[in-house]
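Here's a set of worked exercises to go through with the model open beside you. Try each task before you read its solution.

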Amino acid sequence: MPKINGNEIRPGNVLDHDGGLWSAVKVDHVKPGKGGAFAQVELRNLRNGSKLNERFRSADKVERVRLEQKDQQFLYESDGMLVFMDSETYEQIELPADILGERRPFLQDGMTITVEFYESEALNATLPQKVVCRIAETEPVVKGQTAANSFKPATLENGVKIMVPPFVGQDEDVVVNTETMEYAERA
């Protein structure tokens with residue numbers, strides 16, 4: 001694996017550090033008045049989610065890890081485990097349901113997601129950025145109501161509550177951004 005200098009660390013890089021795999025969340029380059037410059041890096045463990053703040057001088061060498069990304073199709077959920085299938089090899093893998101965190105309700109049958117692997121271990125899963133959902137409950141549309149930056153609460157069929165513009169009614173399909181968990185547009 002390639003080794004990089006401590007000042008080359010960027011947010012999103014995955015590092016092999018202290019016997020674990022860490023993702024760089026935030027990187028601040030500091031040049032104090034006295035002494036050498038260093039990078040103050042906030043790291044998140046990819047296996048257990050713990051956080052760590054570490055200083056890397058430019059002379060420090062760290063091992064950068066490349067994760068392999070594969071598209072996997074969601075099949076079903078069983079006993080808190082999500083079952084996915086590789087669309088090329090048809091191999092099935094199981095991941096814990098909490099790997100998606102608060103975005104879990106947006107996972108739909110047959111949806112293709114991106115899973116990041118280190119060797120044969122699945123570390124992370126990412127949903128598509130935009131997902132189509134149906135509104136289960138919201139206030140009725142009021143004629144003549146202005147659409148200028150006024151939003152109303154709505155509940156999606158998957159139970160997630162979002163804010164939608166006043167012209168969107170019940171039983172309509174909307175596109176939701178899974179990164180911000182906000183309304184994006186009408187479907």
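Before we start, one bit of vocabulary: two strands count as paired if DSSP finds at least two bridges between them. Also keep in mind that this is a predicted model.

**Exercise 1. Work out which strands flank strand 6, and in which sense they pair.**

Step 1. Begin with strand 1, residues 3–5. Strand 1 pairs with strand 6 (residues 61–65) in the antiparallel sense, over 3 bridges. To find one of the residue pairs, go to Asn5: its bridge partner in strand 6 is Lys61.

Step 2. Now take strand 2, residues 14–17. Here too 3 bridges make the link to strand 6, and the two strands run antiparallel. Look for Val14, which sits opposite Val65 of strand 6.

**Exercise 2. Follow strand 2 onward and lay out the open sheet of 6 strands.**

Step 1. Strand 2 also pairs with strand 3 (residues 20–30), antiparallel and over 4 bridges. Asp16 has Leu21 of strand 3 as its bridge partner.

Step 2. Put the pairs together and you get the order 1-6-2-3-4-5, with antiparallel pairing.

Step 3. Which strands stand at the edges? They are strand 1 and strand 5 (51–57); each has a single partner strand, so one side of each is left without a neighbour in the sheet.

Step 4. Finish with the twist, which averages 45° from one strand to the next.

**Exercise 3. Find the nonpolar cores and say what feeds the largest one.**

Step 1. The largest nonpolar core holds 27 residues, and Phe106, Leu107, Ile113 and Leu156 have the most contacts inside it.

Step 2. Ask which elements give two or more residues to this core. The list runs: strand 8 (81–86), strand 10 (112–118), strand 12 (130–138), strand 13 (152–156), strand 14 (161–164) and strand 15 (173–177).

Step 3. There's a second, separate core of 11 residues, with Leu15, Val41, Phe56 and Val62 among them.

Step 4. Zoom in on Ile113. Setting aside neighbours within four places in sequence, its contacts include Phe84, Leu107, Ala125 and Leu127, as well as Lys70 and Asp71.

**Exercise 4. Asn177 and Lys130: buried, partly exposed or exposed?**

Step 1. Place them. Asn177 belongs to strand 15, and Lys130 to strand 12.

Step 2. Apply the cut-off: buried means under 20% relative accessible area, and exposed means over 50%. Asn177 comes out at 14%, so Asn177 is buried. Lys130 has 46%, so Lys130 is partly exposed.

Step 3. List the contacts, again without neighbours within four places in sequence. Asn177 touches Gln129, Glu182 and Ala184; Lys130 touches Val175, Val176 and Ala184.

Step 4. Try a distance as well. Lys130 and Ala37 are 93 residues apart along the chain, and their C-alpha atoms are 41 Å from each other.

**Exercise 5. Describe the chain as a whole, starting from its radius of gyration.**

Step 1. Count the elements: 0 helices and 16 strands.

Step 2. Compare the radius of gyration. The chain has 21 Å, while a compact globule of 187 residues would come out near 16 Å. The C-alpha trace spans about 65 × 50 × 25 Å along its principal axes.

Step 3. Check burial and surface. Of the 187 residues, 35% count as buried. The accessible surface is about 11300 Å², with 45% of it belonging to carbon and sulfur atoms.

Conventions
Residues are numbered from 1 along each chain as its sequence is written. This is a predicted model: local features need pLDDT of at least 70, side-chain atom pairs count only at pLDDT 80 or more; totals for chains, interfaces and linings use all residues. Side-chain values use heavy atoms; hydrogens and water are left out. A nonpolar core is a set of buried Ala, Val, Leu, Ile, Met, Phe, Trp, Tyr and Cys residues joined through side-chain atoms within 4.5 Å. Buried means under 20% relative accessible area, exposed over 50%, partly exposed in between (1.4 Å probe, protein chains only). Contact means heavy atoms within 4.5 Å. Axes are lines fitted to C-alpha atoms, for helices over the stretch in contact, and angles run from 0 to 180 degrees between N-to-C directions. The radius of gyration is taken over C-alpha atoms; the globule rule is 2.2 Å times the number of residues to the power 0.38. Accessible areas come from the Shrake-Rupley method with a 1.4 Å probe; for residues, only the protein chains shown count as cover.
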